[in-house]
Amino acid sequence: MNVRKIVTLIDETTREGGRAVEPAARVAVVAAVIENPWDGQPFVEDLSDGIRQNASDLGALLAPRVIEALGAPVEAYGKAAIVGLDGEIEHGSALIHTLQFGDHFRKAAEATTLLPAVEKRGRAGVTFDIPLKHKTDATIRSHHQTIEVQIADAPHPGEIVVALAAAAQGRPQQRLAPLTSEQ
């Protein structure tokens, strides 16, 4: 795995809807900008070698960093893979939609649900939203949220941005009724 850079973003919302948010709603993102392991190759039918050589190492790199950056117990989480223009969306999906990657975060966050994800292809500086859901119950509406991310110089055409996001709470000032109230 060839990592060009690691970017950490902390977002704290202290006011929402004209009211104070106490404690501040905190979301952390840690993204690794890596060389696309399939860059420069013609269509690769079987992506398993690249997955085996990179996915677990990426998960092991990012999971403890995002939890440390959050600085609080994780309640919601998500992931992203943004592929540079020379790659395929499937290249990013191959790295993040595997237990070798996701289980690092699930174990560290004491989570049980699937990690919500976004995958897309884009130029350097592309904006992307990472979806987050509750770590043990994806039906808890208060934790359905997104965080917008942009890395000015990534991904280059032959790179992939792989990111994890964690939130210490649900949306600031959330007030939707539980899903069970509609059944």
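**Exercise 1.** Work out whether aspartate 153 is buried, exposed or partly exposed, and find its salt-bridge partner.

*Solution.* Start with the cut-offs: buried means under 20% relative accessible area, exposed over 50%, and partly exposed in between (1.4 Å probe, protein chains only). Aspartate 153 has 28% relative accessibility, so it counts as partly exposed. Next, look for a partner, taking a salt bridge as a side-chain nitrogen of Lys or Arg within 4 Å of a carboxyl oxygen of Asp or Glu. Arginine 4 fits, with the closest N and O atoms 3.0 Å apart. Arginine 4 sits in strand S1 and aspartate 153 in the loop between strand S6 (145-150) and S7, so the pair ties together parts that are 149 residues apart in sequence. Helices (H or I, at least four residues) and strands (E, at least two) are DSSP runs, numbered from the N terminus.

A note on the model: it is predicted, local features need pLDDT of at least 70, side-chain atom pairs count only at pLDDT 80 or more, and totals for chains, interfaces and linings use all residues. Residues are numbered from 1 along each chain as its sequence is written, and side-chain values use heavy atoms, leaving out hydrogens and water.

**Exercise 2.** Find the salt-bridge partner of aspartate 103 and say how the two are placed in helix H3.

*Solution.* The partner is arginine 106, and the closest N and O atoms are 3.0 Å apart. Being three residues apart in helix H3, the two are separated by about one helical turn. Now check exposure: aspartate 103 is partly exposed at 24%, while arginine 106 is buried at 11%.
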